[in-house]
Amino acid sequence: MTGNTGQDDKTGNVIIDTARLLLREGLVARTWGNLSQRSGDDRYLITPSGRGYETMTPEELVEVDFEGKWSGDLKPSGERGLHTEIYRELPEVQFIIHTHQPYASALSVSGAAVEIPAELAERIGSTTLPTAAYGLPSTGKLHKAVLATLRETGSRAILMQGHGAVLFGQDANELVDLAKEVEAACRTQFELMTGWKEKDGAARVRCFERDGFGLPPQIIHIFMRRDDAGAVVATDDPLFLQFSQTGLPAYLDDFSQLVGLKVGQTFGKTMIYGHKATYFLGADLDEAQAVATVARKNALAALVAKVTSSKPIGWLDGTIMHGVYKFKYSKLKD
C-alpha cells in the first residue's frame with residue numbers, strides 16, 4: 001500500500017487542476033471540499049487533509065484502499081470514507097468531487113429534495129436533487145446517509161444537509177460542469193423560495209491589514225481589541241446586516257468550524273457586527289477572506305432556514321466542529 005506516492009502522472013495533475021478550477025469557480029473555498037480519482041479496482045488517489053489547493057502538488061496526493069489503509073507523511077481527507085463508499089458501490093465511477101458551493105449548501109439546510117430542470121434531472125439520474133440526512137463531517141453517520149440516498153435515488157449528485165454537495169462520474173471536467181449546473185439550479189430555487197436576489201455592485205468590500213496606512217477608526221479599534229487579528233475584511237452587504245439585530249446562527253458546518261455557533265455584536269469571534277458594516281477577522285488576509293466567504297454562505301442558508309423553519313446546528317455538534325477546526329484542522333494548512 002502506498003501513500004503520498006510522489007505521483008507526477010496525469011492522474012495527479014488532473015485532480016489538482018480540477019481542484020483549482022473548482023476554487024476559481026467559487027465551488028470550494030480555502031481547504032474545504034475534496035477530490036479523488038480511482039487508481040485501481042480497490043483504491044483511489046485523494047486530496048490530503050488541510051492543504052491549500054493553490055500550492056498542492058501531485059506528490060501530496062494520498063492513495064487510499066477500500067480498507068482505509070494509507071501511508072506517508074500526509075493524512076488523506078477526512079471524507080475518504082465517503083469516497084470509499086461511493087467507489088465500492090459504483091465500480092464505474094472514476095472521479096468524485098465534494099464541493100461547498102454556496103446556493104446548493106444553503107438549500108441543503110432544509111433536508112428536502114430540490115426541484116430541478118428536466119435536463120439536469122436527466123444528467124444526474126434523479127427527478128429531483130436529493131439531500132442526505134445530517135451527520136457530522138468525516139463520520140460514518142454522514143457517509144452512510146449519503147450511501148442510503150444514493151441507493152434510494154440513483155442520483156450522481158447529492159446534497160449533504162448543512163454541509164455541501166458530492167458529485168461523481170467518469171470525467172473530471174464533466175463533473176465541474178455538472179456542479180456549476182447544479183449551483184445555477186439551486187440559485188434559481190433559492191431566489192424563488194426566499195425572494196432574495198444579489199445585485200451587482202450593491203455591496204462594498206474593503207480589506208485592511210494591521211500594518212497598513214490610513215486605517216479607518218473602526219478598523220484601528222478592532223486591531224486594538226484583537227491582538228490575534230492580522231487582517232480585517234469589511235462590507236456593508238445588506239445580506240449580513242439583516243441579521244445584525246437577531247444574530248446569525250450556524251446553519252452550515254464550515255461556519256460553525258471557522259466562526260462559531262452564533263454571531264452577534266461581540267469581539268469574541270472572527271465575525272463582528274458594527275452599526276453599518278460587518279467585519280471579518282483573520283490571522284492574515286487569506287483567512288479573513290475565508291471567513292467572509294463562509295459567512296456569506298451561512299447567511300444564505302439562514303434565509304432558507306427562515307422560510308423552511310429549519311433549525312441551526314446543535315450546540316454539541318457545533319462545539320465539537322469548532323474545537324476540532326481550531327485546535328487541529330487549521331494547523332494542517334499552516
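The dialogue below concerns the nonpolar cores and one strand of a predicted model.

Biologist: What should be known about the model before reading it?

Modeller: The model is predicted, so local features need pLDDT of at least 70 and side-chain atom pairs count only at pLDDT 80 or more, while totals for chains, interfaces and linings use all residues. Residues are numbered from 1 along each chain as its sequence is written, and side-chain values use heavy atoms, with hydrogens and water left out.

Biologist: Which residues touch the most other members of the largest nonpolar core?

Modeller: In soluble globular proteins, nonpolar side chains tend to be buried together. A nonpolar core is a set of buried Ala, Val, Leu, Ile, Met, Phe, Trp, Tyr and Cys residues joined through side-chain atoms within 4.5 Å; buried means under 20% relative accessible area (1.4 Å probe, protein chains only). Here the largest core has 69 residues, and Leu129, Leu167, Phe255 and Met271 touch the most other members. Helix H10 (residues 285-308; a DSSP run of H or I, at least four residues, numbered from the N terminus) contributes the most, with 13 residues. Apart from this core lies another, of 22 residues, including Leu82 and Phe168.

Biologist: Why is strand E11 described as largely enclosed?

Modeller: A strand is a DSSP run of E, at least two residues. Five of the five residues of E11 (residues 231-235) are buried, so the rest of the structure largely encloses this strand. Ala231, Val233 and Thr235 point one way, and Val232 and Ala234 the other.

Biologist: Which strands pair with E11?

Modeller: Two strands pair if DSSP finds at least two bridges between them. E10 (residues 205-209) pairs with E11 in the antiparallel sense over five bridges, and E15 (residues 278-282) likewise pairs with E11 in the antiparallel sense over five bridges. Ala234 of E11 stands opposite Arg206 and opposite Tyr279 in E15.

Definitions and conventions
Buried means under 20% relative accessible area, exposed over 50%, partly exposed in between (1.4 Å probe, protein chains only).
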